[in-house]
2 protein chains.
Amino acid sequence: MTDQLSATFSALADPTRRAILEQLAHGQATVGELAAPFDMTFAAVSKHLRVLEGAGLVSRGREAQYRPARLDARPLEAASAWIVDYERFWSASVDALGDYLNALQQLSTTKEENTHG
Amino acid sequence: MTDQLSATFSALADPTRRAILEQLAHGQATVGELAAPFDMTFAAVSKHLRVLEGAGLVSRGREAQYRPARLDARPLEAASAWIVDYERFWSASVDALGDYLNALQQLSTTKEENTHG
DNA sequence: GAGGTACTATACCGAAAGGTTCAATACGAG
DNA sequence: CTCGTATTGAACCTTTCGGTATAGTACCTC
C-alpha cells in the first residue's frame, strides 16, 4: 500500500478523517478545534492527522503552541481522475435502472389496461 | 465503517482490488481469469471479490462451475461526488504552485538582469 | 524557572485486513 | 457415481488500524 492512490483512498475510508477534511475545507484549524466534534481523545485525532499528512492531504504549521493543519487537496485530483474513468459505467447502470423502471411502469400500465379492459 | 462511502473508499484502497475493477471494466470475468495476473492464491482473490461485492462494486452470477463477476460502478458516483466537492481546492493549490513557479522565474530573471548589469 | 496549554510519543489492546493452506462444495463430463 | 475443474469455507498467522492511557515535549506567561 505504498502507492499514492492507495494511501489517498485509504485515508478517505475513515469517516472521522473525511469529517476532518470537511472541517479543514473551511480553513486551517488546530488539533483542539478539529478534535472538538468527536467523542475521542486528542491523541486519536492527532493520529488521524498523521495519516492524512502521510497521504499528503494535510500539511502542518507551527504557531506558538499550536500546530495548525491545513488542507492540501492535490492528491484528490488523481483519486478523482481514477474514479471518473468509470463514470460511463455508473451512468450506464443508472440508464439500465431507468430502463428497468420504465419496463416496470410499462408492465404495470399494461396490467392496468388489462384490468380496465 | 458501516457507511457506504467508507466501504467504497476502503474497497478502492487496495491496488489488487482496483486492478480487478479495471479488468472488469473490459467485461465480466471468472475468478480464475481475475486471479491470473496476480501472484496470489485463488482464495485471496476470492476474498477481494467478496470485499468488492460487500461494497456493491461487483455482482456475481452463476454459469456452470463459474461464478463470474461483473462491475457495478454505481457506488462510485457518491465517491466521485464527495471528492469533486474539493476540486476548487486542488485547482487552487495548482494555481498557488503556478504562482510560486512564476515567482521563482521572476526571481531568476531579476538575478540574471543583475548578473548582466 | 514554574506552571499552564497544546500537542505528540510510546506502549498497549482488541479487532480487522490480507495473506496462506487445506478441506469442502457445486457443477459438468464420462 | 466418479473424476476433474472452479470456487469458497474454515482455521490460522502476521501486520495494520483505531482507539486508550499516560508520560513527555514545546511553547507562552508570569
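**Exercise 1. Determine how many residues each chain gives to the contact between chain A and chain B, and describe the side of chain A.**

*Step 1.* The contact draws 23 residues from chain A and 23 residues from chain B, where two residues are in contact if their C-beta atoms, placed from the backbone, lie within 7 Å. The model is predicted: local features need pLDDT of at least 70 and side-chain atom pairs count only at pLDDT 80 or more, while totals for chains, interfaces and linings use all residues. Residues are numbered from 1 along each chain as its sequence is written, and chains are lettered from A and ligands numbered from 1 in the order in which they are written.

*Step 2.* On the side of chain A that touches chain B, the elements giving two or more residues are α1 (4-12), α5 and α6 (87-116) of chain A. Helices are DSSP runs (H or I, at least four residues), numbered from the N terminus. With seven residues, α5(A) gives the most to this side.

*Step 3.* By class, this side of chain A has 14 nonpolar, four polar and five charged residues. Ala, Val, Leu, Ile, Met, Phe, Trp, Tyr, Cys and Pro count as nonpolar, Asp, Glu, Lys and Arg as charged, and the others, Gly among them, as polar.

**Exercise 2. State which turn and shift lay chain A on chain B.**

*Step 1.* A turn of 180° and a shift of 0.0 Å along the axis lay chain A on chain B with an RMSD of 0.1 Å. The two copies are thus related as by a two-fold rotation axis. Superposition is by least squares on the C-alpha atoms of residues with pLDDT of at least 70 in both copies.

*Step 2.* The same surface serves both copies, since 100% of the contact residues of chain A recur in chain B.

**Exercise 3. Describe how α5(A) is placed against α5(B) and against α1(A).**

*Step 1.* The axes of α5 (residues 74-84) of chain A and α5 (residues 74-84) of chain B come within 10 Å and cross at roughly 150°. Axes are lines fitted to C-alpha atoms, for helices over the stretch in contact, and angles run from 0 to 180 degrees between N-to-C directions. α5(A) and α5(B) are therefore roughly antiparallel to each other (an angle over 145 degrees).

*Step 2.* In this pair, Leu76(A), Ala79(A), Ser80(A), Ile83(A) and Val84(A) meet Leu76(B), Ala79(B), Ser80(B), Ile83(B) and Val84(B). The contact of α5(A) with α5(B) has eight nonpolar, two polar and no charged residues.

*Step 3.* Within chain A, α1(A) and α5(A) pack at an angle of about 95°, their axes 9 Å apart. That makes α1(A) roughly perpendicular to α5(A) (65 to 115 degrees). Gln4(A), Leu5(A), Thr8(A) and Phe9(A) of α1(A) make this contact with Pro75(A), Leu76(A), Ala78(A), Ala79(A) and Trp82(A) of α5(A).

**Exercise 4. Identify the residues that come nearest to DNA strands C and D, and the helix that gives the most to each surface.**

*Step 1.* Around DNA strand C there are 22 residues, of which Thr30(A), Gly32(A), Ser46(A), Ala44(B) and Ala64(B) come nearest. A residue is near a strand if its C-beta atom, placed from the backbone, lies within 6 Å of it. α4(B) gives the most to this surface, with five residues.

*Step 2.* Around DNA strand D there are 22 residues, of which Ala64(A), Thr30(B), Val31(B), Gly32(B) and Ser46(B) come nearest. For strand D, the largest share, five residues, comes from α4(A).

*Step 3.* By class, the surface near DNA strand C has 10 nonpolar, eight polar and four charged residues, and that near DNA strand D has 10 nonpolar, nine polar and three charged.

Note on methods. Angles under 35 degrees count as roughly parallel, over 145 as roughly antiparallel, 65 to 115 as roughly perpendicular and the rest as oblique.
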